[in-house]
Amino acid sequence: MRTVKVYQEAWPLHTPFVISRGTRNEAVVVVVELEEDGIKAVGECTPYPRYGESEASVLAQITTIIPQLELGMTREALQQALPAGAARNAVDSALWDLEARRKGTSVSHLACVELPEMITTAQTVSLAAPEQMAAAAALLWKKGARLLKVKLDDRLIAERMVAIRAAVPEAVLIVDANEAWHSDGLAARCQLLADLNVAMLEQPLPASEDGALTNFIHPLPICADESCHTRESLAALKGRYEMVNVKLDKTGGLTEALALTQAAREQGFDVMLGCMLCTSRAIAAALPLAAKVRFADLDGPTWLAVDVEPALHFENGKLYP
């Protein structure tokens, strides 16, 4: 019989993380530990208020299935027991980890994926005044980061982006508007980004306003984040987006994330792999997807003042699995 332990942790950040919906000073995660036949496994998730989640709601969801987990619940049964979201992700990740440890292998090997020696990950430039964002981008470039993800809200778009591009003329830039824009003026903003050689724009409109992207001609790829959770999301995204951002906390774990990634590619979408503010535990769970995507945005643990042990090795926009 398995033993199950569920709890939350708060990990302080070394620098405040600023996006359009506010400032965060810590990463609050929920952890699931499983032990079976002396083998211990772990999974982690980050509850996200944007999706109606809190630490309390996630803990409550997981608590409802502890009896089934103790009796040997499988990943397949889990997909029916909990909806997609952070709670299912923590449990799914722990079950993958448990199976890998029982078999003496890695989760990536279990998923039939061979990881590269190094994964290029985006490094985030968080919201600030244009000159501060440009200085942050320049420092990241100087340290070796080559893929930069720029967070924007609905203000100073041109000023921020022109300053950043001037500071890092050779960097690959992707932009995340975090649902902060609206359809009025969107065409001009897309053209500005294209003129600045931005590689991709992520979720410019609120998910509820996706209809404005239908037959909207745009000069750079647009990626769905808040609008894409599971395979069921894909049908509504056709003709609106060229790319989807897969996150385990949205899909409810690696099991659905692998299926979503395959279905998205079969339907003509490019794929990005993202994360929340988290520890290395959450990134390790997502690694089997890293070799299957166009962009990896896995810098969550790099914002922590201290990471979980053992930590993954991050080095200036590079992740060494």
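Which residue lies over the face of Trp141? In this predicted model, that residue is Arg146, found at 3.7 Å from the ring centre. A second arrangement of this kind involves Arg75, whose charged end sits over the ring of Trp96, 3.7 Å from the centre of that ring.

Rings also meet rings here, and a search of the whole structure turns up 2 aromatic pairs. One of them brings together Phe17 and Trp303, with ring centres 4.7 Å apart and planes at 90°, so this pair counts as edge-to-face. Phe17 belongs to strand E1 (residues 3-19), while Trp303 sits in the loop between strand E12 (295-296) and strand E13 (313-314), so the pair ties together parts that lie 286 residues apart in sequence. Phe17 is tucked away as a buried residue, with a relative accessible area of 9%, and Trp303 is buried too, with a relative accessible area of 9%. Then there are Tyr48 and Tyr51, whose ring centres are 5.0 Å apart; their planes make 70°, so this pair is edge-to-face as well. Tyr48 has a relative accessibility of 7% and therefore counts as buried.

Strand E1, home of Phe17, is also part of an open sheet of 3 strands, in the order E1-E2-E3 and with antiparallel pairing. E1 and strand E3 (39-45) stand at the edges with a single partner strand each, so one side of each has no neighbour in the sheet. On average, and ignoring direction, neighbouring strands of this sheet are turned by 25° against each other. Strand E2 (residues 22-36) runs antiparallel to E3 and is joined to that strand by 7 bridges. Along the way, Val32 stands opposite Gly43 in E3.

Helices pack on this sheet. Helix H1 (residues 55-64) touches E1, E2 and E3, and its direction makes about 15° with that of E2. Helix H4 (residues 86-102) packs on the sheet as well, touching E2 and E3, with its direction at about 150° to that of E3.

Elsewhere, helix H7 (residues 157-167) has Ile157, Arg160, Met161, Ile164 and Arg165 as its buried residues. Looking down the axis of H7, these buried residues fall within an arc of 120°, so they line one face of the helix. The spacing fits a general pattern: an α-helix has 3.6 residues a turn, so residues three or four places apart point the same way. As for what covers the buried residues of H7, the list includes helix H6 (130-143), strand E6 (147-151), strand E7 (172-176), helix H8 (186-195) and strand E8 (198-202).

Methods: Residues are numbered from 1 along each chain as its sequence is written. This is a predicted model: local features need pLDDT of at least 70, side-chain atom pairs count only at pLDDT 80 or more; totals for chains, interfaces and linings use all residues. Side-chain values use heavy atoms; hydrogens and water are left out. Rings of Phe, Tyr and Trp (its six-membered ring) pair if their centres lie within 6.5 Å; planes under 30 degrees apart count as stacked, over 60 as edge-to-face and the rest as tilted. Helices (H or I, at least four residues) and strands (E, at least two) are DSSP runs, numbered from the N terminus. Buried means under 20% relative accessible area, exposed over 50%, partly exposed in between (1.4 Å probe, protein chains only). A charge sits over a ring if NZ of Lys or CZ of Arg is within 6 Å of the ring centre and within 35 degrees of the ring normal. The arc is that of the directions from the helix axis to the C-beta atoms. Contact means heavy atoms within 4.5 Å. Two strands pair if DSSP finds at least two bridges between them. Axes are lines fitted to C-alpha atoms, for helices over the stretch in contact, and angles run from 0 to 180 degrees between N-to-C directions.
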